[in-house]
Amino acid sequence: MVTGSVLQQETLGEEIRKVLTIAIPVVLAELGWMGMGIVDTIMVGQLGARAIAAVALGNILFYSVAICGMSVLLGMDTLVSQAFGAGERDDTRKSLWHGLVLAALLLPLVTGIILVLVGAMDFVDVNREVLTDARPYVRLLLLGLAPLLVYAALRRYLQGLGVVRPVMFALVSANIVNVGLNWVFIYGHLGVPAMGIEGSAIATFVSRVYMALVLVAAVLLLESPKAQGEGRWRIFLPELRRYDPARLRQLLALGLPAAGQVSLEVGVFALVTVLAAKFSTVTLAAHEIVLNTVSNTFMVPLGVSAAASVTVGHAIGRNDKEEARRVGFICLALGGGFMSLAALSFYVVPERILGIYTRDLDVIRAGLPILFVCAWFQLFDGLQSVATGALRGLGDTRTPMLVNLVGYWMLGLPIACILAFPLRWGVVGLWIGLSIGLILVGSSLLWFWHRRSRVH
């Protein structure tokens, strides 16, 4: 009995180590992704509340669509990780090439949708001054959409293989590039005229190009026979001559529901930001700062979610359902544990958190009650994110989409609107409604993972 217990502990310890080996670099990568937005908000914030509000609206219009487009590529997680777990390396390269084809097909579609949304803002009751500043900012962000989609496809491939350090390096180092270029273009240095928020968008574009090039180099080095020293490893470029409609359909069958889930989640927060724009500039600025804060904490379980997708997918590829279930619950414990600590920090040091973004006392005062509301859903936000990744590793991308539809759009959003407008609770009412929806989503996805991962 003692020997069996020791062996079981060793197995558990090894699985935790494998999860953390993938999760930690991906978490750092996700924090690097959010770091760009935070840095942009802080550096633009020196220009005043109107600049913060314009960047908030512009980012929502751009990223709410761009992230959904990138999410269509999430089907690569399942196919690449399961093929890698089964030892089918040629199949992983096949998914890479078709992922790049899919990225190219998504570019004009995503661009068109963003431009339509920007034009549609004329018919929405938002602050005119903020909208005037946001429009050129969004158009400049569109320059970076193509490298962003290429980056997304390459990232999904590398993560599916469990090769995550290049992803971490790309995003962390891109922040250094972004900070330097923000300093040059926003404020006007080194002989460059000050461009304000448009300068921030130009810095973001250059950073996106840099990120894509880093991952291109990483994939080429990974697939080089010289780099691996094995004859079975070959450069992936010969896959360019092969096109399989069935593989593209597989990617879409998995990716479209995953993108639907992300669209529903991102969309509800985007709509709430548009609704928050009906209030004062100070209120919208406070909303944006809180949204940045909770998005930043969310990056940790999102990184753990990627680890869950990869490790569960590898186990399924090896036909080891017991391991898939264990690593899924390990990831849920890690993600939920971190978010519980985040919730505690929202209660203990809220002023310091908000003070990172702005010195405007009015904005800080407006943000405090919103941050308190957000503390209630942190645990459930972590659970829903990790459970979504674990289910994706199993090949189930539809369940999270349907749960998000019910939780956010059929329950959370209607409650938010009632609280905010007829009951006049303002932006705090919007966040309370979102919290109710998120608690339902997190609880439901945890239950579905428990049911779907059972070993029969």
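1. The lining of the largest cavity is a mixed bag: 23 nonpolar, 12 polar and nine charged residues. Here Ala, Val, Leu, Ile, Met, Phe, Trp, Tyr, Cys and Pro count as nonpolar, Asp, Glu, Lys and Arg as charged, and the others, Gly among them, as polar. Keep in mind that this is a predicted model, where local features need pLDDT of at least 70 and side-chain atom pairs count only at pLDDT 80 or more, while totals for chains, interfaces and linings use all residues. Numbering runs from 1 along each chain as its sequence is written, and side-chain values use heavy atoms, with hydrogens and water left out.

2. That cavity holds about 1,200 Å³ of space, and 44 residues line it, with W33, I67, V266, M299 and L302 nearest its centre. A cavity is a set of points, on a 1 Å grid over the protein atoms alone, where a 1.4 Å probe fits but cannot get out; lining residues have an atom within 4 Å of a point. Grid points are joined across faces, edges and corners, and the volume is the space filled by probe spheres set on them.

3. Which helix gives the largest share of this lining? Helix 11 does, with 10 residues. Other elements giving two or more residues to the lining of the largest cavity include helix 1 (2-45), helix 2 (49-71) and helix 10 (245-276). Helices are DSSP runs (H or I, at least four residues), numbered from the N terminus.

4. The structure has two cavities of 30 Å³ or more. The second largest is about 40 Å³, lined by A258, Q261, T388, R392, D396, T397 and P400. Helix 10 and helix 15 each supply at least two of those lining residues. By class, this lining splits into two nonpolar, three polar and two charged.

5. On to helix packing. Helix 16 (residues 398-420) and helix 17 (residues 426-452) pack at about 160 degrees, axes 7 Å apart, which means helix 16 is roughly antiparallel to helix 17 (over 145 degrees). Axes are lines fitted to C-alpha atoms over the stretch in contact, with angles from 0 to 180 degrees between N-to-C directions. The crossing is right-handed, and the contact has 17 nonpolar, nine polar and one charged residues.

6. Helix 6 and helix 8 pack at about 35 degrees with axes 9 Å apart, in a left-handed crossing (near helix turned anticlockwise from the far one by less than a right angle; clockwise is right-handed). Their contact (heavy atoms within 4.5 Å) includes Y151 and R155 of helix 6 and R208 and E223 of helix 8. It divides into 15 nonpolar, no polar and three charged residues.

Conventions. 1 Å grid on protein atoms, 1.4 Å probe; cavity = no way out; pocket = protein on both sides within 12 Å on 5 of 7 lines; lining within 4 Å. Parallel < 35°, antiparallel > 145°, perpendicular 65-115°, else oblique.
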